[in-house]
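Subject: Structure for your review

Dear colleague,

Please find below the structure that I would like to hand over to you. A short account of what was found in it follows.

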Amino acid sequence: MIILKIGGSIITEKNSKEPKVDYDNLNRICEEIKESFSSKNINADLMDGLVIVHGAGSFGHPPAKEYKIGQPFPNEEFPEKRIGFSKTQLAVKQLNTYVCNALIDHGLPAVSMQASSFVTTTDKRIYDFDLDFIKNYLKNGFIPVLYGDPVLDEKYRMAILSGDQILQYVARFLVSDRVVLGTDVDGVYDKNPKKHNDAKLIEEVNSIEDIIKMESTTNIDVTGGMVGKVKELLSLAEIGVDSEIINANHPGVIAAALQNKKVKGTKITKI
Ligand code: ADP
């Protein structure tokens, strides 16, 4: 089984104040997935197992930020928070509709799976996640499509569950063969490459120490940015599931990664 994460930075115009889909990227990526699945280069066993997880980009982050979903709040603010939760859930569901629409238009049997309907967290970490639905869809040749979503949290009452944590959990418990994470930079750098021209690409990350030095230079969005991704992926590497972070803005890179060809990026692996 392969898990492909498509960053919100790729399928939306992330810095837009209004929710905006990047249709050029979305359609191109659907073509690359389609091409990879019909390619004879792919091992037949892998063809019946693709899970897609996508981020929220300019759809989810504005309402989540506005209502500070995931941060502690006094009881009297609960009614307002609830509205924020509902608005965030609706916004990311709308993006998911666009994504599934594009996949289906490309002949890919996408089925949407809304985490807030079957996942709860405690202290922002997943503790209840029914994987049977995903397994059954996979068995039947569907492509389950999950996405970052607000969820009920035991400690904070509500939290934002990132696509990155979903990917980590699904990869861990369905024992994924490959994990590919497409974002808008070539991989993990020693500092934010969007802010520093001299940032150097790190081709392999093996330990938490490798990322501690990144912490101070990273853009932290509501779900943790690049550091959050690497932490999730390192926890997978610990149990022997390797992953790679690649640049999904570059045409052909997702197709190559899905077909197990070598691409520029960062490998997260344990030595
Ligand atoms: P996505 O929406 O694709 O999941 P994010 O926007 O959450 O991605 O994270 C990717 C962003 O992280 C990059 O656009 C980059 O600006 C930022 N970033 C911050 N620090 C680093 C770093 N050390 N290496 C790579 N990217 C970094």
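I begin with strand β8, which covers residues 157-161 and is mostly covered, as 4 of its 5 residues are buried. Please keep in mind throughout that the model is predicted.

The partner of β8 is strand β7, residues 149-153; the two run antiparallel and are joined by 5 bridges. Within this pairing, L152 stands opposite M158 of β8. The connection from β7 to β8 is a hairpin of 3 residues.

Turning to the protein chain as a whole, its secondary structure comprises 10 helices and 14 strands. The chain is as compact as a globular protein of its length, because its radius of gyration of 18 Å is close to the 18 Å that the globule rule gives for 271 residues. Along the principal axes, the C-alpha atoms fill a box of roughly 60 × 45 × 35 Å.

As regards burial, 56% of the 271 residues count as buried. Contacts were also examined by sequence separation: of those with a separation of 6 or more, 75% are between residues 24 or more positions apart.

Two further results concern the surface and the charges. The exposed area of the protein chain is about 12800 Å², of which carbon and sulfur atoms supply 49%. The chain carries 33 positive and 37 negative charges, and the mean positions of these two sets lie 2 Å apart.

With kind regards

Terms used
Residues numbered from 1 in each chain as written. Predicted model: local features only at pLDDT ≥ 70, side-chain atom pairs only at ≥ 80, totals over all residues. Heavy atoms only, no water. Rg over C-alpha atoms; globule rule 2.2 N^0.38 Å. Buried < 20%, exposed > 50% of the residue type's maximum accessible area, 1.4 Å probe, protein only. Contact = heavy atoms within 4.5 Å. Areas by Shrake-Rupley, 256 points an atom, 1.4 Å probe, with all protein chains shown as cover. Lys, Arg positive; Asp, Glu negative; His and termini not counted. Charge placed at Lys NZ, Arg CZ, Asp CG, Glu CD. Pairing = 2+ DSSP bridges.
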